[in-house]
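Me: Could you take a close look at the ligand site in this one for me? I'd like to know what surrounds the ligand and what touches it.

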Amino acid sequence: MPEPAELRRGEQESGSAESPPQAAPDPYAELRREMVKKQIRARGISDPRVLSAMERVPRHEFVPDVHRARAYEDSPLPIGEGQTISQPYIVAAMTAALQLTGTERVLEIGIGSGYQAAILSLLAADVYTIERSAPLAHSASERLARLGYANVHVHCGDGTLGLPEFAPFDAILVGASAPAIPAPLAAQLAQGGRMIIPIGDTDSQELRLLEHIGEGFHVRSLDPCRFVPLVGRYGWRES
Ligand code: SAH
């Protein structure tokens, strides 16, 4: 699992048996622990790998400066371009549903701030992500590189088409809501793979979990949710 680059640098400079490396104190660490305890564990998410990733990724780095103080609140927040970073619980619930073990190739649709991609990057081997907004793809890509999440590969384009050149994927996470499951994404899910996607109308949706079993797909409904729309050829039409 990758460590943020700054930690790696710290270890190289000061790491020795006599003086163990000291990461700079993180003023947000306590808020993050509280977030995990009260918003995530208390609501029934118990996968220790997911809880640990949520405790490690500095969510305040993924929100605009004006919202920094609210980064660990129990809500989505605006990230520009009319988009939002999802509520922490929803990020954790979607991630837990994928049951990642560390070896997977994951496809994410809609990188937004890059926060969800950072969480996935700690839990899987590689994360491929597609964002339709060029400014968001650019800023998320820079942010992830700066923070040391080196196994996230950012693409710009219509994510409803997936990334056939890198398929199949062991897991697919769609971070925007669709009227129905985009056929190209289902086609790019590996045998035994899982996809989590919000499905519904533009006002309210529910998370659906698809498992590719044998020739077909097993579909289950999970939490109700409210996401920004997935706009593209196999999603909502541009208005
Ligand atoms: N999970 C993200 C937030 C996602 S917001 C985070 O952690 O910050 C949803 C994102 O999906 C937006 O950035 C939006 O631009 C993007 N999006 C919408 N339709 C898309 C499409 N067809 N392909 C790729 N990205 C899309």
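Reply: Here's a walk through the ligand's surroundings, followed by a quick look at one helix pair.

Bear in mind that this is a predicted model. The shell around the ligand is made of 25 residues, and those that come nearest are S113, E131, D158, G159 and V231. Sorted by class, the shell holds 11 nonpolar, 11 polar and 3 charged residues.

As for where those residues sit, β2 (83-85), α5 (115-121) and β4 (126-131) each put at least two residues into the shell. The top contributor is β2, which gives 3 residues.

Now the polar contacts, where the backbone has a part to play. G159 has a polar backbone atom 2.7 Å from a nitrogen atom of the ligand. R132 also offers a polar backbone atom, 3.1 Å from a ligand nitrogen. With Q116, the partner is an oxygen atom of the ligand, 3.1 Å from a polar backbone atom. On its own the ligand has 580 Å² of accessible area, and the protein covers 98% of that.

Now for the helix pair. Helix α2 (residues 29-40) packs with helix α4 (residues 88-97) at an angle of about 75°, and their axes are 10 Å apart. That angle is why α2 counts as roughly perpendicular to α4. The contact brings M35, Q39 and I40 of α2 up against P88, Y89 and A92 of α4. By class, the residues of this contact come out as 5 nonpolar, 1 polar and no charged.

Terms used:
Residues numbered from 1 in each chain as written. Predicted model: local features only at pLDDT ≥ 70, side-chain atom pairs only at ≥ 80, totals over all residues. Heavy atoms only, no water. Axes fitted to C-alpha atoms, helices over the stretch in contact; angles between N-to-C directions. Helix = DSSP H or I, 4+ residues; strand = E, 2+ residues; numbered from the N terminus. Parallel < 35°, antiparallel > 145°, perpendicular 65-115°, else oblique. Contact = heavy atoms within 4.5 Å. Nonpolar A, V, L, I, M, F, W, Y, C, P; charged D, E, K, R; others polar. Near = heavy atom within 4 Å. Polar contact = N/O pair within 3.5 Å; in protein donor to acceptor, adjacent residues only side chain to side chain. Areas by Shrake-Rupley, 256 points an atom, 1.4 Å probe, with all protein chains shown as cover.
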